[in-house]
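Colleague: Hey, have you got a minute to walk me through this one? I'm new to reading structures.
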Amino acid sequence: TEGQQRARTVSVVRIEMRPIAGGIVTSGLLTPRNQVAVNPDLTGYRVSKLDVDEGSWVRAGQPLAEMDGAILRAQLDQQNALAAVQKTNADQRAREASRVADLDNQGVIAEEQLQARRFAAIGAKASASAAAAAAREFQTRVDHMTLRAPVAGLVLQRNVNLGDISGGGSNPWFVMADGGQIELYADVAEADFDKMRPGLRATVTLADDSTADGVVRLVSPRVDATTRLGKVRISLPVRPDIRAGGYARASFTDLSRAVPAVPETAIRY
């Protein structure tokens with residue numbers, strides 16, 4: 001019949017690969033872009049003051065902690081006094097040598113005495129230079145009794161307490177995020193990894209469902225042989241709710257990928 005004939009009429013379309021926008025979502029941990037460990041240069045000194053705590057924003061050169069340097073400062077004063085004495089002696093020897101500078105081969109003073117004065121001046125000058133260098137070393141040690149921030153940024157960890165002795169632990173005294181910059185260190189499947197490139201924009205969703213605009217800064221040159229995942233670093237704005245160690249996911253909405261496609265009229269429910 002005519003109805004049966006219509007039932008046997010079908011249309012044939014070709015399944016084609018067509019680009020579909022979005023579809024790549026990844027996740028990972030929030031990590032500092034540049035993590036800075038701060039340790040004292042001197043050992044054996046007691047911590048007498050803490051100037052900052054975790055969560056503090058500091059500028060480069062700002063004091064973080066101070067050690068008791070009373071003994072070292074006393075040694076510096078002693079060394080400065082010794083250097084002053086040596087300099088005075090060197091000046092005196094130099095004046096004595098200058099008074100006989102033009103008396104060679106004139107018979108006024110024996111040649112041995114001339115040479116002795118000159119050698120004494122040279123030796124006194126060397127001793128004064130050594131004493132001054134020792135004083136500068138002590139001054140440098142005194143300056144390092146104050147532990148200062150090497151960069152401006154955010155203090156993430158403080159692992160030192162009042163009364164601790166420098167050089168006695170394995171953990172850094174302070175851990176900082178340079179400039180307070182936190183990035184998403186995300187895993188991307190190998191099948192999608194070739195689409196990653198620096199400058200690619202992403203929407204990053206934090207644990208509390210708030211979002212931030214991110215930009216791919218770095219794409220790893222390798223894929224892990226076990227997990228078949230590659231690493232990308234996504235730069236994020238400096239915000240107090242973006243915390244190192246947290247979890248976040250990123251969606252690359254401006255990407256497209258080819259998938260098998262058919263017309264919507266081909267779907268029957």
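Modeller: Sure, we can start with the whole chain and then go to single residues.
Modeller: This is a predicted model, where local features need pLDDT of at least 70, side-chain atom pairs count only at pLDDT 80 or more, and totals for chains, interfaces and linings use all residues. Residues are numbered from 1 along each chain as its sequence is written, and side-chain values use heavy atoms, with hydrogens and water left out.
Colleague: OK, how many helices and strands does the protein chain have?
Modeller: There are four helices and 15 strands. Helices (H or I, at least four residues) and strands (E, at least two) are DSSP runs, numbered from the N terminus.
Colleague: And what share of the residues is buried?
Modeller: Of the 269 residues in the protein chain, 30% are buried. Buried means under 20% relative accessible area, exposed means over 50%, and partly exposed is in between (1.4 Å probe, protein chains only).
Colleague: New topic: what lies over the face of Tyr185?
Modeller: Lys231 does, at 5.1 Å from the ring centre, and Arg233 does too, at 4.2 Å. The rule is that NZ of Lys or CZ of Arg is within 6 Å of the ring centre and within 35 degrees of the ring normal.
Colleague: Is Arg233 buried or exposed?
Modeller: Arg233 counts as buried because its relative accessible area is 18%. You'll find Arg233 in strand S13, residues 229-235.
Colleague: What is Arg233 in contact with?
Modeller: Leaving aside neighbours within four places in sequence, the list for Arg233 includes Thr31, Pro32, Glu183, Tyr185 and Val215. Contact means heavy atoms within 4.5 Å.
Colleague: Where does Gly199 sit?
Modeller: Gly199 is in the loop between helix H4 (190-193) and strand S11 (201-205). Gly199 is partly exposed, because its relative accessibility is 44%.
Colleague: Which residues does Gly199 touch?
Modeller: Not counting residues up to four places away in sequence, Gly199 touches Val215 and Val216. The C-alpha atoms of Gly199 and Leu218 are 8.7 Å apart, and these two are 19 residues apart along the chain.
Colleague: Last one, about the outside: which residues form the nonpolar patch on the surface?
Modeller: Ile15, Val262, Ile267 and Tyr269 do, with about 530 Å² of accessible area together (Shrake-Rupley method, 1.4 Å probe; for residues, only the protein chains shown count as cover). Patches are made of residues with over 30% relative accessible area and no salt bridge (a side-chain nitrogen of Lys or Arg within 4 Å of a carboxyl oxygen of Asp or Glu); like charges are joined within 9 Å and nonpolar side chains (Val, Leu, Ile, Met, Phe, Trp, Tyr) within 5 Å.
Colleague: And Val262 itself, where is that?
Modeller: Val262 is in the segment after strand S15 (256-261), and Val262 is partly exposed at 42% relative accessible area.
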